[in-house]
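Good morning, everyone, and thank you for making time for this. I would like to walk through one structure with you, going from the whole protein down to a few single residues.

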Amino acid sequence: MCGIIGYTGPQRCLPILIDGLRRMEYRGYDSAGVAIINGKGVVVKKDVGKIAALEALVDADPPHGTIGIAHTRWATHGEPSQINSHPHLDCRGHFAVVHNGIIENNESLRETLKAKGHKFRSETDTEVLSHLIEEYWDGSLEKAVAAALRLVEGTYGIAVVSDLDPDKVVGARKGSPLVVGVGNGENFIASDVSAMLAHTKQVVYLGDEEMVILTPRGYRTQTLNEIPVDREIEEITWELSQIEKGGFPHFMLKEIFEQPKCIQNAIRGRLMEQTGEAHLGGLNLTDDELRSVERIVMLACGTSWHAAMIGEYMLEEYCRIPVEVEYASEFRYRNPVIGPNDLVIVISQSGETADTLAAMREAQRRGARALGICNTVGSTIAREADGGIYIHAGPEIGVASTKAFTSQVAVLAVFTLHLAHVRGMNPEVNQELIHELKAIPAKIERILKSDAQIVEIAKMFQKTTNCLYLGRGYNFPVALEGALKLKEISYVHAEGYPAAEMKHGPIALIDEKMPVVFLCTRDSAYDKVLNNMSEVRARRGRIIAIATEGDESVRERADQVIWIPHTIDPLVPLLSVVPLQLLSYHVATLRGCNVDQPRNLAKSVTVE
Ligand code: G6P
């Protein structure tokens with residue numbers, strides 16, 4: 001979603017701001033803009049479209065200055081247009097504001113401000129902030145921003161500059177992420193560390209309802225009531241190369257190919273094969289507390305929700321504990337039954353998804369303990385959870401999640417092992433799971449060698465308008481994930497279904513034009529799925545099968561087969577999803593779609 005970058009220091013800020021925006025392009029946006037203090041006033045340049053359009057605009061008349069803010073917008077209030085793009089100015093053009101989030105009481109604030117004579121230009125909720133700051137201006141930018149924000153209901157990550165208080169960038173957050181980048185004689189602010197990673201790895205994460213005042217010489221953090229807050233400087237461990245394409249045409253393809261390494265990182269140092277134990281340092285739960293858990297509730301959105309479903313199957317099978325998986329957005333609004341004997345596991349790649357965060361807070365409010373399974377270190381969910389497990393997948397830039405999904409599943413397997421051990425389950429079963437988990441990276445490497453074959457299959461199906469994905473048991477969530485991947489990046493309508501449920505509806509769709517992707521691996525559901533495949537074949541559906549190497553029965557029934565190595569049932573998703581990721585990727589590129597930034601989607605959905 002929207003991205004923010006701000007700079008104050010000795011350098012010309014325009015190239016730093018544009019580069020920062022580019023690094024956040026992956027989040028999804030529809031317009032972009034900058035505001036720069038140039039010694040005479042505030043210069044704002046903004047337009048709809050890609051950052052390249054903004055670059056063309058600034059190249060025509062480049063604003064000079066060393067203090068500025070910039071923004072990529074993903075429209076919520078008001079269509080994508082030049083006027084609605086950020087930054088937004090007040091009546092006299094002294095205060096420029098960029099904002100992520102939603103100001104819920106913007107209409108009443110707008111009416112009050114209009115009554116006082118303020119003139120609005122845009123349809124955005126954000127513009128009320130510039131006018132409120134103008135209204136409260138009394139010689140100090142941070143005081144005016146604090147006074148304005150005290151009136152605001154909703155969520156925000158903001159950055160503000162003014163030619164009336166010219167060497168400052170003031171930032172504040174509530175609900176939307178905002179991070180300070182601490183440099184040498186220069187300082188940064190951004191909604192995403194990747195925007196400033198080229199300049200500094202020293203960061204300070206702001207808490208909710210906190211502000212930061214940046215100058216080239218330093219920074220200070222405070223509450224909206226102007227009480228100083230101490231926040232530690234943390235070191236980012238990512239390398240710049242991790243947020244670059246490294247020779248791949250798209251981030252998504254790079255991330256698919258990174259999966260063997262990611263799984264290794266997710267399990268490294270956490271497994272003890274000899275004893276069947278797993279070590280997880282950040283759970284903040286004693287063995288006794290884990291034994292007393294009566295139920296697990298897993299909350300997530302999108303791809304992370306599919307990983308949660310696989311976690312449910314594993315935890316129920318290995319730990320014999322009831323597990324419920326719920327969309328975070330539904331959970332938070334339906335008065336759920338949850339309390340101190342429940343353990344909530346919140347899964348989120350970004351750690352910032354608004355619905356997931358709100359659902360976690362709701363569960364905590366009702367007395368449950370929450371564990372966060374996140375990728376982004378220092379994200380809001382990671383910090384507010386009572387304990388957690390990082391998946392260590394490294395930055396995921398492609399909007400369609402791939403390596404985070406498999407890393408989440410790997411970490412859920414490690415957590416399952418830990419809980420099974422603590423609850424006294426059979427150690428031999430655990431040892432087998434550990435042994436098989438360690439073999440997964442090499443098996444994914446083998447699947448990745450089928451890429452050229454998958455390109456050929458994608459060519460055959462690139463013109464399709466519909467596609468059905470069927471799987472059973474552990475492969476049912478994989479069918480959902482395969483269908484989601486295809487929808488997200490190629491805009492082909494796709495549905496995932498439990499293979500046996502096909503008879504209760506989707507079978508009516510099957511004809512010689514309908515591609516059906518079958519997940520038919522040698523697992524406990526195998527015979528049944530094979531029967532379902534015969535039912536589709538009898539109706540002349542076109543079958544693409546994901547099957548276990550050497551399976552002749554599948555070869556006889558399917559039009560195309562992509563082979564994967566054998567593994568035990570709970571780990572099959574780590575393998576069977578990989579060809580589906582590649583298939584969607586190639587269908588999308590053949591159709592000319594923008595794979596890394598699909599239309600209307602955002603990497604991190606920070607509004608509900
Ligand atoms: C968005 C992304 C998806 C992601 C979902 C949940 O919809 O486009 O790829 O699965 O959010 O994100 P999270 O960061 O919470 O895992």
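**From the overall fold to single residues**

Let me begin with the inventory: the protein contains 19 helices and 27 strands, and please keep in mind throughout that this is a predicted model. For a chain of 608 residues, a compact globule would be expected to have a radius of gyration near 25 Å, and the protein, at 25 Å, agrees with that. If you lay a box along the principal axes, the C-alpha atoms fill roughly 75 × 55 × 40 Å.

As for how the chain is packed, 62% of the 608 residues count as buried. Among contacts with a separation of 6 or more, 71% are accounted for by residues 24 or more positions apart. The accessible surface comes to about 22300 Å², and carbon and sulfur atoms hold 48% of it. On the side of charge, there are 63 positive and 79 negative charges, and their mean positions are 3 Å apart.

Now to one element, helix H1, which spans residues 13–23 and is mostly covered, with 8 of its 11 residues buried. Those buried residues are Cys 13, Leu 14, Ile 16, Leu 17, Ile 18, Gly 20, Leu 21 and Arg 23, and you will notice that Arg 23 is on that list. What lies over them? The cover includes strands S1 (3–8), S2 (31–37), S4 (67–73) and S10 (187–190), together with helix H2 (51–60).

Turning to aromatic residues, a search of the whole structure finds 5 aromatic pairs. One of them is formed by Phe 248 and Phe 257, with the ring centres 5.6 Å apart and 40° between the planes, which is a tilted arrangement. Are these two rings buried or exposed? The answer lies in between: Phe 248 has a relative accessible area of 27% and is therefore partly exposed, and Phe 257, also at 27%, counts as partly exposed because buried would require under 20%.

I would like to finish with three single residues, starting with Thr 406, which is found in helix H13, residues 403–422. Thr 406 has a relative accessibility of 0% and so counts as buried. Setting aside residues up to four places away in sequence, Thr 406 touches Gln 259, Ile 263, Leu 574 and Val 577.

The second is Val 517, in strand S25, which runs over residues 515–520. Val 517 is buried as well, at 0% relative accessibility. Beyond its neighbours within four places in sequence, Val 517 is in contact with Cys 467, Leu 468, Tyr 469 and Leu 470, and also with Ile 544, Ile 546, Leu 580 and Leu 583. As a sense of scale, Val 517 and Gly 282 are 235 residues apart in sequence, and their C-alpha atoms are 39 Å apart in space.

The third is Ile 489, which belongs to helix H16, residues 475–490, and which is buried, with a relative accessible area of 0%. Which residues is Ile 489 in contact with, leaving aside its neighbours within four places in sequence? They are Met 252, Ala 400, Ser 584, Tyr 585, Ala 588, Cys 593, Val 595 and Pro 598. Between Ile 489 and Pro 260, which lie 229 residues apart along the chain, the C-alpha atoms are separated by 23 Å.

Note on methods
Residues are numbered from 1 along each chain as its sequence is written. This is a predicted model: local features need pLDDT of at least 70, side-chain atom pairs count only at pLDDT 80 or more; totals for chains, interfaces and linings use all residues. Side-chain values use heavy atoms; hydrogens and water are left out. Helices (H or I, at least four residues) and strands (E, at least two) are DSSP runs, numbered from the N terminus. The radius of gyration is taken over C-alpha atoms; the globule rule is 2.2 Å times the number of residues to the power 0.38. Buried means under 20% relative accessible area, exposed over 50%, partly exposed in between (1.4 Å probe, protein chains only). Contact means heavy atoms within 4.5 Å. Accessible areas come from the Shrake-Rupley method with a 1.4 Å probe; for residues, only the protein chains shown count as cover. Lys and Arg count as positive and Asp and Glu as negative; His and the chain ends are not counted. The place of a charge is taken as NZ of Lys, CZ of Arg, CG of Asp or CD of Glu. Rings of Phe, Tyr and Trp (its six-membered ring) pair if their centres lie within 6.5 Å; planes under 30 degrees apart count as stacked, over 60 as edge-to-face and the rest as tilted.
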